[in-house]
Amino acid sequence: MADNTFDAIVVGSGISGGWAAKELCEKGLTVLLLERGGPYEHIKDYKTATKEIWELPHRGSTTDEQKKKYPVIHRGWAAQEQVMDAWANEEDCPYTEVKPFTWWRSYRFGGRSILWGRQSYRWSPMDFGANERDGIAIPWPVNYEEIAPWYDHVEKFAGISGSKQGLAHLPDGQFLPAFELNIVEKDVAARIKEKYKGDRHLFIGRVANITIPHNERPGCQYRSRCWEGCPFGGYFSTQSSTYPAAMKTGKLTVRPYSIAHRVLYDKDKKKATGVEVMDTENNQTYTFKSKIVFLCASSLNSAWILMNSATDVWPDGLGSSSGELGHNVMDHHYNIGAEGEIEGYEDKYYFGKRPTGFYIPRFANIGSDKRDFLRGYGYQGSASRSGWNREIAELNIGKDFKDQLCEPGEWRIGATGFGETLPNHENRIYLDKTKKDKWGLPVLAMDAELKENEIKMRKDIVADLIAMFEAAGVKNVRPWETYYSIGQGIHEMGTARMGSDPKTSVLNKWNQVWDAPNVFVTDGAFMTSSACQNPSLTYMAFTARAADYAVKNL
Amino acid sequence: MDRRELIKMIALATGTAFVGGEFFLSGCKNPEAGTSMEFTQDDIAFLDEVGETILPKTNTPGAKDAKIGEFMRTMVNDCYTASDQKAFHTGIAKLNDECNKMHSTSFMKATPEQRKSLLVKLDSEAKEYAGKRPAFDAEQIKREKEEHEKGNSGFQREKWTAHYFSMMKQLTISGYFTSEEGRKGALRYTPVPGKIDADLPYKKGDRAFAGLD
C-alpha cells in the first residue's frame, strides 16, 4: 500500500470525525484522519486547565487586541482568556456575511468536541416525523426506530449521565447516574409539575459528563471547567474518547495542518477516489486516495468541500444536482430567556460545581398545546446563589460591603430557550469567489436569517418561561434577550440534507452523496430538520450507523 | 457561571456595563491623544489606596494585599479600548481633585474616613451617571440608523464611556475576588470539589465557595 492510500479518509476530527475514525478503524479499515488545525494533545495541551484564575494575566478577560482580531467570537460569551487559542484565526479564515451570521469555529485537533456544551438528547419519533406531518421541506428518510439502536451504541461508549423520564417526545437512553438538581431546582420542578398537571417537566440536564468511572476515564471532579480540556477525562471529547479507541487499533493515521478542500471525483466510475489537501504549513497540495471518504468537517465546511469538488461535472459542486447543496441552513435560536429571584432558601447552599444545569423539554405544539407557529423549544438553566459580583443595596464601599460580598447572595434562577428553526431553501451558504482565505481558497458567504415562524416563537419562549417561573414562586421575573444571529446557537446544520429523492436532497438515508455513493457526510450538514434538542448526540448516532453501512457495503 | 452571566452580574454590582466586556461589533476609533497613558509608581500606589478603601483589610486580606493597583494597570493597558484608557487616566486626577474639594487634602494624604466619604459620594455620582446610558445609547442608535438611511454607511455611533469611578470599582471587585489572596483568604477555596452536595445547610456569616462565582 502506498503511503498516500488508505481504506478510508475522514475529514475533520471533531465529534463526528472522531466517531467515524473510531468506528471505521475498529471494523479493520486503515483510516487517514485529516485535521485542518494543529495538534492538541489530551491533558498535556490543556494549558490552563490546572491553573488558578489568578495565574492568568487577565483573570479570564480578553485583551483589546484579541477583541480586534476575533470580532466574531466577541459577539457572545465564547471570548474568554482561557480558550482564545481554541478559536479559528478570523484574519486568516474570513467569511462573508450577506446577512449577519456568527460562526464559531475551532480549527484544532478535536475541533469543537473540546468546547461543546455536552447536552445530549435523543430525538423522538415526533421530531423525525415533523417535516412530513407539517408539509415542510422534505420528509426525513430515517425514522426513530432505525436510529434508536445507534443512540444506544453511542451513548454506551460516550457516557451520558441523565435521568429516565418516560417521555415519548424525549426518549430515555442508556444513562450513567444523573447529576442532581439542587434544593431550589427540585422545588421549582415540583411546582411546575403540579401547576401544569404533569405536562411540563424540569429535570437535570442529560450531559456527556461521566458521574462514575467509564472506559478508563476517571470522571467528573465537579470543577465545571470543561472547555479548557478535562485532565480527568470527565466529558466526552475526541481526545478523551474516540481518538484513543481508534489509536488502539493501530489503523489510524492523523495528519494535522491539512485543509481538505476538494473531493477527487472519477466521473466515469461516478465515485470519489480520494481528497486533495492544502498543507497549511508549507502551502503545498497533496493527494490522498481511499475507497471511501467521510466528510465531518462541520456542517458548513463539509458543504464547502462539496462545492469545490467535481465542478467540471457540476459547476456548483458535488451534490449540487439537487439544487439543495448549501441551502436550508438551520440553527437553534437562543440568547433569549428570563431570570428572577427566589426567596425562602436563605439557609440553603450547595457544594461542588455541576457541569450541567436543568432542562425543560419541549411542550409547545404537543398534545392539546396549540400555537400560531410550528414546532417548539426547550430551555436550559439553573438556580444558584449569587456571588461577589452582585449588587448590594445601600452598601457600596468599605468593610461591611466586603463582608457581604464574601457571603453567598440571594438565590436566583434563570434559563434560556433553544428554539427549532425550520429548513428554508432561501437560507443558504455559497462560495464567495471574490474573497480568498490565507491559502487562496474561496470563502463561504452566509445568507440566512430567522423567518416568521422563529420570530413568532421567540415571543412565546419568553412568555412561557415567565409564566412558569411565576407559577413556581420566582420573584421579580425579568425577560432578557441578547444579540443573536444565525450560527450563534453553534448548532448550524442542514446544508447537505438527506432525503429519499435525489432531486430534492444531497444525501440518501445512509448519509451517502447521491452523486458519489462512497462519499458520506455525517456532521450536521445531513440534518433535514433541526428539532430543538442539542444535536451532537444525533450526529454521533448517524455517523456510527453510516460507518457500519459503509463497511458492510465495501 | 458563564461569561455572559458574569459580565451581567458585574454590571449589576457597579450599575454599569463591564468596561471592556461589551460586544465588539465594529472597529473602534482612536480618541484624540493628550492624557498620558502610562502608569507611574505613584499611580499604582494611588490605585492601591482607592482599592483598599473599597475593600479594606479586616480579619481577611484587603485589596492592597491583592496588589490591586498592578492588576488595574494590566487590565487598563491590555483590555481597555484607547478611549476607556483615557477616561481611566483622567479619572485618577479627577478623583484627587474631588478629594481636594471635599476635604482640602490630596487623596494620598486623606484619612481612611475622608477617603471613604469621598468614594461613597463618587459611587453615587457614578451610578447616577450610568443611569443615563440607556437614553444615550438609544439616541445614538437612532442617529446611526438615520445616517445609514441617508446613505452615510460609514457613520459609526458614539460609544458610551463609563464613569471613571465605575471602572475603578469594577476592577477592584473583580481583581480582588479573582486573586489568590481574595479567593483563599476571604472565600472558601476548593479547587477540585470532587463531589456535589445539592442541599447544604447555610447560616449567615458562612463564606461563599470560591469558584461558585
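1. In this predicted model, β9(A) and β10(A) form a hairpin with 5 residues between them, and Asn283(A) in the turn has a positive phi of about 60 degrees. Strands here are DSSP runs of E, at least two residues long, and helices are runs of H or I of at least four residues, both numbered from the N terminus. Strand β9 (residues 271-279) of chain A runs antiparallel to β10(A) over 5 bridges, and two strands count as paired if DSSP finds at least two bridges between them. Val277(A) stands opposite Tyr286(A).

2. On numbering and filters: residues are numbered from 1 along each chain as its sequence is written, and chains are lettered from A in the order in which they are written. Local features need pLDDT of at least 70, side-chain atom pairs count only at pLDDT 80 or more, totals for chains, interfaces and linings use all residues, and side-chain values use heavy atoms, with hydrogens and water left out.

3. Strand β10 (residues 285-295) of chain A also pairs in parallel with strand β1 (residues 5-11) of chain A, through 6 bridges. Phe294(A) is the bridge partner of Val10(A). A further parallel pairing, over 3 bridges, joins β10(A) to strand β20 (residues 516-521) of chain A, where Val293(A) stands opposite Val519(A).

4. Phe294(A) recurs in the largest nonpolar core, where Trp87(A), Phe294(A) and Leu318(A) have the most contacts among its 124 residues. Such a core is a set of buried Ala, Val, Leu, Ile, Met, Phe, Trp, Tyr and Cys residues joined through side-chain atoms within 4.5 Å; buried means under 20% relative accessible area (1.4 Å probe, protein chains only). Helix α10 (residues 536-552) of chain A gives the most to this core, with 9 residues. Domains 1 and 2 of chain A both contribute residues, so the core lies between them; the domain bounds come from an automatic or database assignment.

5. Beyond its neighbours within four places in sequence, Leu318(A) is in contact (heavy atoms within 4.5 Å) with residues including Val263(A), Tyr265(A), Val513(A) and Val519(A). A second, separate core of 90 residues includes Phe351(A), Ile392(A), Ala472(A) and Leu119(B).

6. An open sheet of 3 strands in chain A has the order β3-β17-β16, with mixed pairing. β3 (96-97) and β16 (428-436) each have a single partner strand, so one side of each is left without a neighbour in the sheet. β16(A) and β17(A) run antiparallel over 6 bridges, with Asp432(A) opposite Val443(A).

7. In chain B, α4(B) has a kink of about 30 degrees centred on Gly91(B); the bend is the angle between axes fitted to the seven residues ending there and the seven starting there. Just after α4(B), Ser104(B) takes a positive phi of about 55 degrees.

Key: Buried means under 20% relative accessible area, exposed over 50%, partly exposed in between (1.4 Å probe, protein chains only).
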